[in-house]
Amino acid sequence: MPERLYNAAREIAISPAELQTLLAAAPDAAFEMVAKVARELIAAPIAAVNLIEGDRFWVKAGYGMPKQPLPRAEAFCDVTVDSDAPLVVDDATTDPRFRSLAVVTAADPVRFYAGVPLHVTDRVRQVTEAVGTLCIMDVIPRSLPPGALAVLRQLGDILEKVIEAEVATAGAVAIARTAAEQSLQLRRHDLTFRQAERLARIGSWWFSLETDETLWSEGMYRIYELPANTALSVDEAIGFFSGISRPDLAALVEKTTQTGEPFTLELDFVTAKGNQRRVRSIAHVEFEEGRATGVSGVMQDITEHWLLEEKLRRSADTDSLTGIANRSAFNRALSEAIDRARSTQAPFALMLIDLDEFKGINDTHGHVVGDDMLRAVGARLRDPMLAGSLAARLGGDEFALIVTDPALHADLPGVAGRLLEQLRQPVETAAGVLPISATIGYARFEDCPETARGFIHCADKALYEAKRERRGSARGYRTFGRRSSDEPAG
């Protein structure tokens, strides 16, 4: 009879016969299943349930290791049992307690260990003794992913129920079946999570601030369009994004370390296959003993949703007939330009454009032909010669141009003249080729009141003057009763 376990059992009033049944039984399905679940959920090559037998441990159930007894002095599990607390060893070669163990110095050495103690409990007398461990191991140094230790504890709780059932009552079979069902439920939960990742186009990730080690779920590899388990450093992973660098990420981590609040990023992203994506990532910093040790989060591919939003935004800001900005977008752009001019003194100008005799075209040829004319004007207002000026249809046959390019601003009469020439070109319509012309009034922001309303009034006054003198021409704004330096154009 194993002395240590027998003594522990005697302390908590478990009979030798019950202990003999426990130790002599073949590996139980529940133990095997929990060890397998632990191995798969935490992605470790080795998992075992070890029980104490005198001065050694023997393997009740295990995967990835020989099922032979191991002296307690040569076992990580001895520290787990003696401390009666979970033990995690990221790299045994750096830990003086374990670096000389045979399993660490062997040809195929163990480097990583995580284990939780297993107990036998007399619930009547409230006495508990550690009698073994549930552990996972790996041949390479690593860290537990977020939540993994909690999973290991939960699986240990299941095993303790199995042990208690086997040594306590004749109802051991029923309780073992319940434990097996709980183990299977864990696997089902994992499968459900993977399916949810796929449906929601999300992935979860974690990286160590101390070692730069990264862990990804399957969903992350799908978003990146990389083969599963591809090894990437943090810098390599960041390299797929536009608009963020490692220092930027470090600043975010520092901020959330101080505030405790998670951070959210929404960025453009290019996959390993060169596909353009839009992704959102929400992350938080993890702490151990007040020290920031890692960052974990969730990333979601929001490309379809973002493209739909962009389309809706463009639709809301675009005149459906001409394809240029509508009045709402014009008002917003003008306000933004005024704000920039106030803060930076950047010069800009406003041109108002009215088509000549457009009502007669509609009355004579109908609205279909009128629409052809308006579409042509919209296309001409997007001409590259306007150097990115914002063109907008304000309504009917009224158009506007916000001119922000310094070179164009310096030669507004010339710009107006060239634009008039463009707008005089005949248009191919449903009724054939028809003539067209326009009249332009323009104003410089620096010559007008510093409000949108006042600025528009200046340009509108210049347009009225141009129409009064000669349609098909352009005029600059007259300030305070004197003509501006702009000569008539057209």
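**Exercise 1. Find the helix that holds Pro 413, and work out whether Pro 413 is buried, partly exposed or exposed.**

Step 1. Pro 413 sits in helix H16, residues 412-423. Helices here are DSSP runs of H or I with at least four residues, strands are runs of E with at least two, and both are numbered from the N terminus. Remember that this is a predicted model, where local features need pLDDT of at least 70 and side-chain atom pairs count only at pLDDT 80 or more, while totals for chains, interfaces and linings use all residues. Residues are numbered from 1 along each chain as its sequence is written, and side-chain values use heavy atoms, with hydrogens and water left out.

Step 2. Now the accessibility. Buried means under 20% relative accessible area, exposed means over 50%, and partly exposed is in between (1.4 Å probe, protein chains only). Pro 413 has 25%, so it counts as partly exposed.

Step 3. Look for a partner: Ala 474 is 61 residues away from Pro 413 in sequence, with 7.8 Å from C-alpha to C-alpha.

**Exercise 2. Describe which residues of H13 are buried and which are exposed.**

Step 1. In helix H13 (residues 358-365), the buried ones are Phe 358, Ile 361 and Asn 362.

Step 2. Look down the axis of H13: the buried residues fall within an arc of 95° (taken from the directions from the helix axis to the C-beta atoms), so they line one face of the helix.

Step 3. Flip to the other side of H13 and you find Lys 359, Asp 363 and Thr 364 exposed.

Step 4. What covers the buried residues of H13? The cover includes strand E12 (349-355) and helix H14 (367-380).

**Exercise 3. Work out how H13 and H14 are set against each other.**

Step 1. Their axes, which are lines fitted to C-alpha atoms (for helices over the stretch in contact, with angles from 0 to 180 degrees between N-to-C directions), come within 7 Å and cross at roughly 140°.

Step 2. Pick the word for that angle: under 35 degrees is roughly parallel, over 145 roughly antiparallel, 65 to 115 roughly perpendicular, and the rest oblique. H13 and H14 are therefore oblique to each other.

Step 3. List the contact (heavy atoms within 4.5 Å): H13 brings Phe 358, Ile 361, Asn 362 and His 365, and H14 brings His 367, Val 369, Gly 370, Met 373 and Leu 374.

**Exercise 4. Do the job again for H12 and H17.**

Step 1. The axes of helix H12 (residues 327-344) and helix H17 (residues 452-469) come within 10 Å and cross at roughly 105°. H12 and H17 are therefore roughly perpendicular to each other.

Step 2. Phe 330, Leu 334 and Ile 338 of H12 meet Ala 452, Phe 455 and Ile 456 of H17.

**Exercise 5. Classify the ring pair of Phe 240 and Phe 269.**

Step 1. Rings of Phe, Tyr and Trp (its six-membered ring) pair if their centres lie within 6.5 Å; planes under 30 degrees apart are stacked, over 60 edge-to-face, and the rest tilted. By this rule there are 13 aromatic pairs.

Step 2. Phe 240 and Phe 269 have 6.0 Å centre to centre and 25° between the planes, and the pair is stacked.

Step 3. Phe 240 lies in the loop between helix H9 (234-238) and helix H10 (246-259), and Phe 269 in strand E9 (residues 263-270), so the pair ties together parts 29 residues apart in sequence.
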